[in-house]
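Student: I am new to this structure. Please take me through one part of it closely.

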Amino acid sequence: MIRPAPGTARLTTALVATLVLCGPAIAEDAVSFEGNSSALRRLSRDEIRATVQMLVGSAPARDELPEDPRPADGMLETAGRSLIATEVGLVRQVLRTFAAKVAPATLTRAGCTLSGPPQRRCLLAWSLRFADQALRRPVRPEERKIFEGILAVAGTAGQDVGTVEGILTAVFFSPSFLYRIEVGKPILQPRNVANRLSFLATLAPPDEELLQAASAGLLQDPAERVRQFDRLLKTEPGRRALVPLVLEWLGAGESKVGEKSGKYRKLLDGGFESSIRVSAEEAIRRVLDEEEDPSIERFLSTQNYLADPAVRRITDPAGDGKNATGDPSESTRYGLLMHPYVLAAHTKEDGASPFPIGKFIRERLLCEPIPPPPPAAAAAALSAPTPGVTIREDLEDRTSDGPSCTACHKKFAPFGYSFLSFDPVGRWVKEDPSGQAWDLAGSVRTRSGAELSFDSPGDLMRSLAARPEVHACFAQAELTWAFGREPIPEDQDLLVALDEVVKRGGGVISVLRTLVAAPEFITATEGK
């Protein structure tokens, strides 16, 4: 029985149903939440794909799997999050179809070419090894019986592919495959430490060397955890694993290009949405490959994507008159936040979107939350704008009804106004719809007291890239990524340590090493 502690993240009815539907159940003594919050973590779809890729050499398409859970304007958050009923059905369908597709090649990889009972014994041995790695724990006696039942007809003519397909389906749809269990009393069990470390480094289960280190009790040593982490980062899965982290930090974990209204999408072919995401992913990879410990500043200043064909579809001149698009020389894009894919993640379906991106910058780059608007905010906004005014003048007028509106909007609106010249898919539009030139300048005071003044979005990005509070905020985002939850009061010492790392000029890898070496990395507390 799974027992959440009072007041902590609770398992939903849908998850309980999932545990019943998925096959081998989690044993009663495998999970205990007494005194701690939920340490059951749903695999993200990137983790599912990376795990399956590791196991069988290929994976389902990312978009086939359910979209990951995220709080409003927040990063991916998987602790205590369950698959809901509709997602259970989708995962079942995708993984069952995929199992049928890869079963022949998987049988070949298993290396079992016998017949009769010897073939059944060979496939059973393969099944146990495969399940041990896929489920991230030893196979239980009742699960072995399930495998033996599936393999009962193996070794007879034409049955082996079907039995392998059955094993794959049973394993892929097991709750121990779809959910990570990171618990201990109170220290994580050695294999769970290995699981957490490997998923952070590669998005996939541990390899043999890491498992051996766990079995020998070596992962209690912070230096050994860091050594293993560095080793895994140098692998190809390790190089790929950091890309989703950066996209989540940029608020672009999922594509929003396809959500834009038809007048924007009609100018782009059907393959644009996938190609522009690939461009963003490759831009991140290039930064990561440039140096051993790339700085946060590099992500906010790189221009390595400007020559990408998908980006050129957006930045090259098009149209005429006041609707003309295309980057002028003075609007040179600066940093990943100005990549069209990332911009599209912070715009509405239609029209100008200064407030979403302004709020994102304040909250996610500076870690300064913006309170929700008061209930009467919409009604209090002034209605009809003066004819001929610019978009900015109109919005400033509508948000000036009272000191509370003005005080709140001045914290983030100037950031957003700097991006007014970009349309919902990230094109630079020549001029304001009124025919007047854009006014993209602004000034914002941060919580630290710093005054950020800027004349353009590129100028704003240069200012933000140099700000130490932005680097510290990124470190908090990495903590959220590593632990699957937002920071909690118990993380205060770790947050101070992370702040010291970035103050000394530490980059992405230094922050991750600090997390891996921290005592919190091997404890079971998972937040609320």
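Student: Which pattern do the disulfides of the protein follow, with bonded cysteines counted along the chain? Please look closely at the cysteine links and what surrounds them.

Tutor: The model is predicted. The pattern is 1-2, 3-4, counting bonded cysteines along the chain. A search of the whole structure finds 2 disulfides. Take them in turn.

One disulfide joins C112 to C122, with an S to S distance of 2.0 Å. The link of C112 and C122 is left-handed, with -85 degrees about the S-S bond. C112 sits in the loop between helix 3 (85-110) and helix 4 (116-135), while C122 belongs to helix 4, so the bond ties together parts 10 residues apart in sequence. Are these two cysteines buried or exposed, or something in between? C112 has 6% relative accessibility, and the limit for buried is under 20%, so C112 counts as buried. C122 has 23% relative accessibility, which makes C122 partly exposed.

The other disulfide is formed by C367 and C473. Their sulfur atoms are 2.0 Å apart. The link of C367 and C473 is right-handed, with 90 degrees about the S-S bond. This pair links distant parts of the chain, 106 residues apart. C367 is in the loop between helix 17 (354-365) and helix 18 (377-380). C473 is in helix 23, which covers residues 468-483. C473 counts as buried, because its relative accessibility is 3%. One more cysteine can be placed: C408 has 18% relative accessibility, so C408 counts as buried.

Now return to helix 4, the helix that holds C122. What does helix 4 meet in helix 5? From helix 4 come L124, S127, L128, A131 and L135. From helix 5 come E143, R144, F147 and E148. The residues of this contact divide into 5 nonpolar, 1 polar and 3 charged.

How are the two helices arranged? Two packed helices are described by the angle between their axes and the distance between the axes. Helix 5 spans residues 141-150. The axes of helix 4 and helix 5 come within 10 Å and cross at roughly 135 degrees. That angle makes helix 4 oblique to helix 5, because over 145 degrees would be needed for roughly antiparallel. Helix 4 passes helix 5 in a right-handed crossing.

Put the pieces around helix 4 together. Its C122 is bonded to C112 in the loop between helix 3 and helix 4. Its L124, S127, L128, A131 and L135 meet residues of helix 5.

Conventions:
Residues numbered from 1 in each chain as written. Predicted model: local features only at pLDDT ≥ 70, side-chain atom pairs only at ≥ 80, totals over all residues. Heavy atoms only, no water. Disulfide = S-S within 2.5 Å. Helix = DSSP H or I, 4+ residues; strand = E, 2+ residues; numbered from the N terminus. Buried < 20%, exposed > 50% of the residue type's maximum accessible area, 1.4 Å probe, protein only. Axes fitted to C-alpha atoms, helices over the stretch in contact; angles between N-to-C directions. Parallel < 35°, antiparallel > 145°, perpendicular 65-115°, else oblique. Left-handed = near helix turned anticlockwise from the far one by under 90°. Contact = heavy atoms within 4.5 Å. Nonpolar A, V, L, I, M, F, W, Y, C, P; charged D, E, K, R; others polar.
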